Structures are given as C-alpha cells and as structure tokens.
Amino acid sequence: MDFTLDAEQLALKSEAEEFAAAAVAKYGRFNDSWLCSFSRECSQDLAARGWIGMVWPKEFGGGGRSPVDRLIVSEALITAGVPIGATWFADRQMGPGLFTFGTPEQCERYLPEILAGDVTWCIGMSEPNSGSDLASLSTSAVRDGDEWVINGQKIWTSFAHESDYCYLICRTESIPGKPHLGISEIIVPMDTPGIEVRPIRDMVDARHFNEVWFDNVRVPVGNLVGVEGKAFSQTMKQLEHERGGIDRLVSNRALYLHVLELADTSDPIVRQEIAELEIGFTVGRLLVYRSVLGQTPAGFAAGTKCVCTEYEQRVADFAARILGPEAMLHSDWSTEIAYAPAYTIMGGTSDVMRNILGDRVLGLPR
Ligand SMILES: Cc1cc2nc3c(=O)[nH]c(=O)nc-3n(C[C@H](O)[C@H](O)[C@H](O)COP(=O)(O)OP(=O)(O)OC[C@H]3O[C@@H](n4cnc5c(N)ncnc54)[C@H](O)[C@@H]3O)c2cc1C
C-alpha cells in the first residue's frame, strides 16, 4: 500500500487547511475539537462543502468518497482546532448506524438533516453502574402498544444538553444468564417529555458531559433501530467506527506543535523524546489508515485506539515537561495537558481495548 498522497488528495489537504484557518478565525480554536466544541454554524459550513457524510454511500445522500479523503479533511480540522463537535458523532457513527441497520423510513427521516449540519446526536450508552461492561446496562424500554416506555439513567452523555436526538442503548428484555441478549437501540428525540438533562462540568471546565434521566419517556415503536434485543453486535460495530479513526490520534496535535517550538532541541533527552513521539505518531497514523481502509481484522480498532490514545497521553506528558512550572498555571495549554487522562477512557478504556485484542483478535485464552 502506497501511503503517499496523490495530487487530488494534496489539493484536498490544502483546501481543508485553508478552510480550517478561516473557520478558526471565525468561530475560535478549540482543543480536542471533535468533543470539546460546539458550533452549528460551523457544521453547516462543513455541510456546504460536502464534508459531513463524506464516506457515506451516495444512495443515502453521502459523498461516496474514500475514507482517506475523510481522514485528510478530519486531520486538518482537528489539528487546527475547528469546532466540529456539533455533528461529529452523527457523521462518524449515527449516520453509518442508521444506513446499516435502520429502515428506509429512518434513513429518509434522519440522514438529510445530519448531512445538512442541522442536528446534534448524543450517544446514550454509559450508566452509573455500567461502563466497560456495557451488557450490564439497566435502562429499560418496555413496549406498550405502539410505543416504547423508557426508564433509567445515563451518564457521561456528551452533548446531551445540546442534542436533538439520543441514540439510546437500552434493555428491552432481561434473559437470566444472557446479558448480551435483550439489548436494543432506540432513537429518542431529546424534547420528549420525561427527559431530564443535568450538565456536568469536568475538572478542566469542559462542559460536554451530562447525566440524563428517563422517566416514563414514550417514543414510537418505529424508533427501534435494527433488530429488537439483538443490538449488542450493532453497537460493537458502531464502536469500530468510534475507535479506529484519526480523531483518536490528533486530539492534542496543536499542543504538540506548540511545545515543539519551545523545546530545547539541543538537549539530547528532549531530542530522544521528540524522536519517540514522531515514531509513535507515524505508527499511529499507519494504523488509522489501515483501520479506515478496512485492512485490519475485526476488532482491531481496539488496538488502534490503544496505540493512538496512549500516544496522545505521551504528548501531554512531554508538553508538561517542556512547559515546566508554566504547565501548572491555568491556560489553554495546561488545560489540554490536564484533559489527557480522558483519552484512554472515552470510547472504552485501554484495559478493555487490550482485552478485546487478546480475546477477539489474537484468540488468547481468557
Ligand atoms: C471524555 C469522555 C467522553 C465520554 N462520552 C460518552 C458519551 O458520549 N456517551 C456515553 O455513553 N459514554 C461516554 N463516556 C463514558 C465512557 O464510555 C466510559 O467512561 C468508559 O466506557 C469506561 O466506563 P466507566 O467510566 O464506567 O469505568 P469502569 O468500567 O467502571 O472502569 C473502571 C476501571 O476498571 C477497569 N476495567 C473495567 N473492566 C475491566 C476488565 N474487564 N478488565 C480490565 N480492566 C477493567 C477500567 O479499565 C477502568 O480503569 C465518555 C467518557 C469520557 C472520559
């Protein structure tokens, strides 16, 4: 596989970098911009370029473009800190989830507004007592005539306070001894009566997190996505989209580029650290290329996420050393350093990623 960009891809890269510089001038620059930013207007600008749903099939209104094109654009946007958070989840996961598992009516109803950059989706997966072990979730949806009645609580739901829809993972049946069965995915409009959203401010003042309560929330039965009670594998497939992308490698690229300018490159230890980080970035990038091109075995996105997010944490450690005492003063950069532990938690922890790699990819004994 030749990883050199061709002339068209180089032109796309320049276009994306130019767009990114203009968007940052207009909307501001954000660290971890795919998660810690929100601008509908910016998403609509992306949509106007065809940069939402770039890789979705044309029959669903997408661009039908190569995953490498999307990687090029995403890398430029996230590195520059463009606020793409309002539509990132929907572009990366919800859209592909809907056109893979949803009904034609659902595709017709929900995909165009995602592609237009007009709506925000949140992912209602984690619960107070159910994170890594997703199959232990207890938020329930019980069928009552033509409706699902939903009760329970989600937590760490990024963007719930800004979202139009929640892609809810819930339990529609409890089968003793078979926790992976009975799980379903349901679309829940966030303005449905009975939903309470309580924002959580994190340690670095990021404000994407929420707790979400569902108290007898009623949605039509037609909001079920895919097969009732068999959504665990659907969710795992979606997590493959979530784990193997370039967003897992370049969240704090701007921090690295910033401290690189300050680093004393005559110091042999600093030089060695830079060399190691450059190797880490190159390896991570190759894994992301292979992942988005579908050249990795099923489940390997877990390995890609592990390598890439642990690299991001090494960047943060390096930045703290280069900044020295300044890293302890409140600033854009020190905030970014303090945020780094989140990289290996969100989307599944590194421990769990290693388990998946061992079990599913390498077939190691449990
Ligand atoms: C920035 C950020 C954004 C997030 N956004 C969302 C969101 O939008 N929607 C959503 O639903 N969730 C979201 N989450 C939640 C995230 O998915 C969970 O935090 C994650 O899955 C881990 O679950 P937990 O926090 O309950 O930790 P736990 O599962 O309780 O894990 C605690 C510790 O035990 C370890 N551990 C657990 N099980 C095993 C095992 N089998 N083997 C070895 N070690 C294990 C873990 O590695 C971890 O160190 C977000 C999290 C972060 C940090």
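A residue is counted as buried if 20 or more other C-beta atoms lie within 10 Å of its own. In the predicted model described here, F159 meets this criterion, because 25 C-beta neighbours fall inside 10 Å of it. F159 is located in the loop between strand 3 and strand 4. Its phi angle is near 70°, a positive value in a residue other than glycine.

W156 belongs to the loop between strand 3 (147–155) and strand 4 (165–171). The phi angle of W156 is near 60°, which is again a positive value in a residue other than glycine. W156 is likewise classed as buried, because it has 21 C-beta neighbours inside 10 Å. The loop between strand 3 and strand 4 therefore holds W156, with its 21 neighbours, and F159, with its 25 neighbours.

Strand 3 itself contains W148. This residue is buried, since 25 other C-beta atoms are found within 10 Å. When residues up to four places away in sequence are set aside, the contacts of W148 are A141, R143, I186, V219, V221 and N223. A further pairing links W148 with a remote part of the sequence: W148 and V217 are 69 residues apart along the chain, yet their C-alpha atoms are 7.8 Å apart in space.

At the level of the whole chain, the model is divided into domain 1 (7–119), domain 2 (122–230) and domain 3 (244–361). The centres of domain 1 and domain 2, taken over C-alpha atoms, are separated by 25 Å. Contact between these two domains involves 12 residues of domain 1 and 12 residues of domain 2. On the domain 1 side, the greatest contribution comes from helix 4 (residues 85–101), which supplies 6 residues. The residues of domain 1 on this side comprise 8 nonpolar and 4 polar residues, with no charged residue among them.

Helix 4 was examined further with respect to its length, its bend and its burial. Its 17 residues should span 24 Å at 1.5 Å a residue, and the end C-alpha atoms are 24 Å apart, so the expected and computed values agree. Helix 4 also bends by about 40° at D91. Of its 17 residues, 14 are buried, and the helix is thus mostly covered.

D91 also serves as a reference point for A275, a residue of helix 9 (residues 268–292). The two residues are 184 positions apart along the chain, and 34 Å separate their C-alpha atoms. A275 is classed as exposed, because 10 C-beta neighbours lie inside 10 Å.

Two loop residues provide further examples of the classification. L329 lies in the loop between helix 10 (301–323) and helix 11 (332–339). L329 counts as exposed because it has 9 C-beta neighbours inside 10 Å. The C-alpha atoms of L329 and S350 are separated by 29 Å, with the two positions 21 residues apart in the numbering of the chain. S66, in turn, is placed in the loop between helix 2 (40–48) and helix 3 (67–80). With 14 C-beta neighbours inside 10 Å, S66 is classed as partly exposed. S66 and W56 are 10 residues apart in sequence, and their C-alpha atoms are 9.3 Å apart in space.

The ligand is surrounded by 18 residues, of which the closest are M125, G131, S132, T349 and D351. Two elements, strand 1 (121–124) and helix 12 (350–361), each give two or more residues to this shell. In composition, the shell consists of 8 nonpolar, 9 polar and 1 charged residue. Domain 2 (122–230) and domain 3 (244–361) each contribute at least three residues to the shell around the ligand.

Note on methods. Residues are numbered from 1 along each chain as its sequence is written. This is a predicted model: local features need pLDDT of at least 70, side-chain atom pairs count only at pLDDT 80 or more; totals for chains, interfaces and linings use all residues. A residue is near a molecule or strand if its C-beta atom, placed from the backbone, lies within 6 Å of it. Helices (H or I, at least four residues) and strands (E, at least two) are DSSP runs, numbered from the N terminus. Ala, Val, Leu, Ile, Met, Phe, Trp, Tyr, Cys and Pro count as nonpolar, Asp, Glu, Lys and Arg as charged, and the others, Gly among them, as polar. Domain bounds come from an automatic or database domain assignment. Two residues are in contact if their C-beta atoms, placed from the backbone, lie within 7 Å. The expected span of a helix is 1.5 Å times one less than its number of residues. The bend at a residue is the angle between axes fitted to the seven residues ending there and the seven starting there. A residue is buried if 20 or more other C-beta atoms lie within 10 Å of its own, exposed if 12 or fewer, and partly exposed in between; C-beta atoms are placed from the backbone.
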